[in-house]
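Trainee: I've got the model open and I'd like to go through it with you. Can we take it a piece at a time?

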Amino acid sequence: AHRMDAVDGGEAAPTSAEEMATSSQEVEAKREEKRAAIRASIEATKAKQEEEKEEKVDERFAAFRIEPKKDEEGDKNFPPHLHAAAQLFCMTDNVPLAKQLKKDVDAFLDTLRVGPDGTSSHNVGRGCICWLCGHVGIPKNVDKCSKGQKAAGICGMCEEDAQTNFVRLEQPQAPGEAARYIPWMQVKSRATEAEIAAAGALEK
């Protein structure tokens with residue numbers, strides 16, 4: 001059997017069953033290529049998600065203790081420190097929150113390591129973690145968050161206070177020595193190159 005296709009001049013050219021089968025195979029091959037590309041994309045996305053979940057958390061984060069609220073004291077599921085908090089975010093598929101926590105704590109540790117550089121000013125105060133966005137830093141209402149005050153910290157990033165807890169970093173101490181805490185520090189502003197150059201000129 002043949003199918004007649006119209007061509008220029010009103011004439012018709014026969015299309016063999018073999019040609020039709022070849023055309024059908026080409027269409028199916030293209031469809032399979034698209035399906036394969038979609039499958040590969042899905043697998044790549046899954047692999048990336050698994051890699052993010054397995055991202056290692058700095059063990060030093062365990063030194064940052066999370067202060068439970070009154071109704072959280074004694075709760076065995078409450079994360080005792082920021083290392084546990086980061087792991088909890090990862091285990092509950094909240095990897096972006098874990099990354100935010102890591103970014104903030106890494107910045108704090110860098111500030112401690114480098115020390116004053118003469119070009120930056122810092123905010124210093126009590127730190128808090130926000131369970132809604134993962135941010136760790138000085139709360140927006142820092143003036144109302146000194147030790148002993150009952151006000152909840154307002155997150156400096158998402159500005160929520162529904163799920164925040166204060167964080168403290170204890171300094172190493174000798175037996176019998178009273179506990180001392182390192183306040184949270186974060187960059188408030190950095191001097192511009194022009195301001196640094198002007199300050200340098202004054203020294204000459």
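Trainee: How many of the seven residues of strand β7 are buried?

Mentor: Keep in mind that this is a predicted model. Strand β7 covers residues 164-170, and it is largely enclosed by the rest of the structure. That description rests on the burial count for its seven residues, which is five.

Trainee: Which residue is the bridge partner of Ile-66 in β7?

Mentor: Start with the strands: β3 and β7 run antiparallel, and three bridges join them. Look along β7 for the residue bridged to Ile-66, and you land on Val-167.

Trainee: And strand β5, how many bridges join it to β7?

Mentor: Strand β5 takes in residues 127-130 and runs antiparallel to β7. One pairing to look for is Cys-130, whose bridge partner in β7 is Thr-164. The number of bridges joining β5 to β7 is four.

Trainee: Which residue in β8 does Leu-169 stand opposite?

Mentor: Strand β8 is residues 181-182, and it runs antiparallel to β7. Two bridges join β7 to β8. Opposite Leu-169 you'll find Ile-182.

Trainee: Let's move to rings. Is the pair of Phe-64 and Phe-108 stacked or edge-to-face?

Mentor: The structure holds four aromatic pairs. For Phe-64 and Phe-108, the ring centres are 5.6 Å apart and the planes sit at 75°. Planes over 60 degrees apart count as edge-to-face, so with that angle the pair is edge-to-face.

Trainee: How many residues apart in sequence are the parts that this pair ties together?

Mentor: Phe-64 belongs to strand β3, while Phe-108 is in helix α3, residues 95-114. Both rings are on buried residues: Phe-64 has a relative accessible area of 2%, and Phe-108 has 1%. The pair therefore ties together parts whose separation in sequence is 44 residues.

Trainee: Phe-64 also pairs with Trp-184, so which strand does Trp-184 lie in?

Mentor: That pair is edge-to-face too, at 6.0 Å centre to centre with 65° between the planes. Trp-184 is buried, as is Phe-64. The pair ties β3 to a part 120 residues away in sequence, because Trp-184 lies in strand β9.

Trainee: Which residues do the ring pairs link into a cluster?

Mentor: Phe-64 has an edge-to-face partner in Phe-108, and another in Trp-184. Put those together and the cluster is Phe-64, Phe-108 and Trp-184.

Trainee: Now Glu-67: is it buried or exposed?

Mentor: Glu-67 is in the loop between β3 (64-66) and α2 (82-91). Its relative accessibility is 14%, and the cut-off for buried is under 20%. So Glu-67 counts as buried.

Trainee: Which side chain does Glu-67 meet in a polar contact of 2.9 Å?

Mentor: The partner is a residue you can also find at a ring: it lies over the face of Phe-166, at 3.8 Å from the ring centre. Its side chain is joined to that of Glu-67 by the polar contact, and the residue is Arg-126.

Trainee: One last residue, Phe-89. What separation do the C-alpha atoms of Phe-89 and Trp-131 have?

Mentor: Phe-89 lies in helix α2 and is buried, with a relative accessible area of 4%. Beyond its neighbours within four places in sequence, its contacts include Leu-101, Ile-129, Cys-130 and Trp-131. Phe-89 and Trp-131 are 42 residues apart along the chain, and their C-alpha atoms are separated by 8.9 Å.

Technical notes: Residues numbered from 1 in each chain as written. Predicted model: local features only at pLDDT ≥ 70, side-chain atom pairs only at ≥ 80, totals over all residues. Heavy atoms only, no water. Buried < 20%, exposed > 50% of the residue type's maximum accessible area, 1.4 Å probe, protein only. Polar contact = N/O pair within 3.5 Å; in protein donor to acceptor, adjacent residues only side chain to side chain. Phe/Tyr/Trp six-rings, centres within 6.5 Å; stacked < 30°, edge-to-face > 60°. Lys NZ or Arg CZ within 6 Å of the ring centre and 35° of its normal. Pairing = 2+ DSSP bridges. Contact = heavy atoms within 4.5 Å.
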